[in-house]
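Trainee: Could you take me on a close look at one part of this model, the place around a single threonine in a strand? I would also like to see how that part sits in the rest of the chain.

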Amino acid sequence: MDVSKDELFLRIRRDSWHEGLSVRALARKYRVHRRLVREALSSPAPRPRKTPVRPLPKLDPFKKTIDEWLLADLEAPPKQRHTVQRILSRLQQERGADLAYSTVWDYVSRRRKEITEAAGAVPTAGFVIRHNRLGMDAEADFGEAWVDIAGERTKCYLFTFRLAYSGKAVHRITTSCGQEAFLDGHLHAFRTLGGVPGGQIRYDNLSPAVSRVIRRSRSREEHPRWTAFRQHYGFTPFYCEPGLRGAHEKGGVEGQVGYFRRNYLTPVPRVESLDELNAAFAQFERAEEGRRIGMRI
């Protein structure tokens, strides 16, 4: 009989009630064990199937380390917690582990829930195709990141400038997302990249650049200092639609902020100064030179 277990339980209970069939008769009618009939009569829904825990002998030496990282994540900012890929990368780089992604995923998916529940914490629970041109278009944005500076956890801002065609990105971290940090981030990006993109640079309506959004248009009132800056360097800004309407218009840089935060700012960095961390960014970005995004150059 090709029915779901829920449907089978319903039929067994109905026949027991309407026809007064015994456990033996019900087992014979539906060709199941009497133990299953008794379960159906005692509960309206079948017990959830237990997922077998597979032995992971290769992972055994690293389980304590993973548990420590997952426990530390409970105190970390939500956007700077370990993904499975980040855990696998750290095990390979720091412990010399030779593990498959699926092996780590099986363990982490189970242990993260167990550790979260044991600690009494609550787990956090369309696109447009763009045809970018080589060396022409870019995107820039700020994202939040937490850093332990001289032993004190500090909210910082990660300025990210990303070339749209290749995905190559430059980063700068500060304790402010004001105009000074905004302009300095551009200067650092232009120096690092060796030039200025020849097309458009896409932005949210960031306060360091935009003083007023003119409704129902793409026009913006800019801060005079920002206008002078962009005119001096000869690039054209493109301001995205406010709110969710413009969320797809610079998704590349928003994804890059998250990627960099997960892979290079997780766990939360411990430094004596932001200059120390910014100096390390150059090494991080060199490590990304060999990363290919899809089939891009």
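Mentor: Happy to; here is the whole chain in brief, then the threonine, then some other places to look at.

This is a predicted model, in which local features need pLDDT of at least 70, side-chain atom pairs count only at pLDDT 80 or more, and totals for chains, interfaces and linings use all residues. Residues are numbered from 1 along each chain as its sequence is written, and side-chain values use heavy atoms, with hydrogens and water left out.

The protein chain has ten helices and eight strands; these are DSSP runs numbered from the N terminus, helices being H or I with at least four residues and strands E with at least two. Of its 297 residues, 40% count as buried, where buried means under 20% relative accessible area, exposed over 50% and partly exposed in between, with a 1.4 Å probe and protein chains only. The accessible surface is about 18100 Å², and carbon and sulfur atoms hold 52% of it; such areas come from the Shrake-Rupley method with a 1.4 Å probe, and for residues only the protein chains shown count as cover.

Now to your threonine. Thr-160 sits in strand 2, residues 152–163. Why is Thr-160 called buried? Thr-160 counts as buried because its relative accessibility is 0%. Leaving aside residues up to four places away in sequence, Thr-160 touches Glu-139, Ala-140, Asp-141, Ala-169, Val-170, His-171, Val-253, Gln-256 and Val-257; contact means heavy atoms within 4.5 Å. Take Glu-139 from that list: Thr-160 and Glu-139 are 21 residues apart in sequence, with 8.2 Å from C-alpha to C-alpha.

Glu-139 brings us to strand 1, which covers residues 138–149 and runs parallel to strand 4, residues 200–203, with two bridges joining them. Two strands pair if DSSP finds at least two bridges between them. Here Ala-138 stands opposite Ile-201 in strand 4. Strand 4 also pairs with strand 7, residues 236–239, in the parallel sense over four bridges, and Tyr-203 stands opposite Tyr-239 there. As a rule, side chains in a regular strand alternate between the two faces of the sheet.

The loop between strand 1 and strand 2 holds Ala-150, whose phi is positive, near 50°. Most residues other than glycine have a negative phi, and most peptide bonds are trans. Arg-31 also has a positive phi, about 55°, in the loop between helix 2 (23–30) and helix 3 (34–42). Arg-31 counts as exposed because its relative accessible area is 79%. As for peptide bonds, the one from Thr-266 to Pro-267 is cis, with omega near 0°; Pro-267 lies in the loop between helix 9 (251–264) and strand 8 (270–271).

Among the helices, helix 4 (residues 63–73) has Thr-65, Ile-66, Asp-67, Trp-69, Leu-70 and Asp-73 as its buried residues, and their cover includes helix 5 (84–95) and helix 6 (101–118). Helix 6 also holds Thr-103, which is buried because its relative accessibility is 19%. Beyond residues up to four places away in sequence, Thr-103 touches Leu-56 and Leu-59.

Lastly, a word on confidence. The mean pLDDT of the protein chain is 87, and 90% of its residues reach 70 or more. Residues 124–128 have a pLDDT below 50, and this stretch has two contacts in the model beyond near neighbours in sequence. pLDDT is the predictor's confidence in each residue, from 0 to 100. Where pLDDT is low, the predicted coordinates should not be read in detail.
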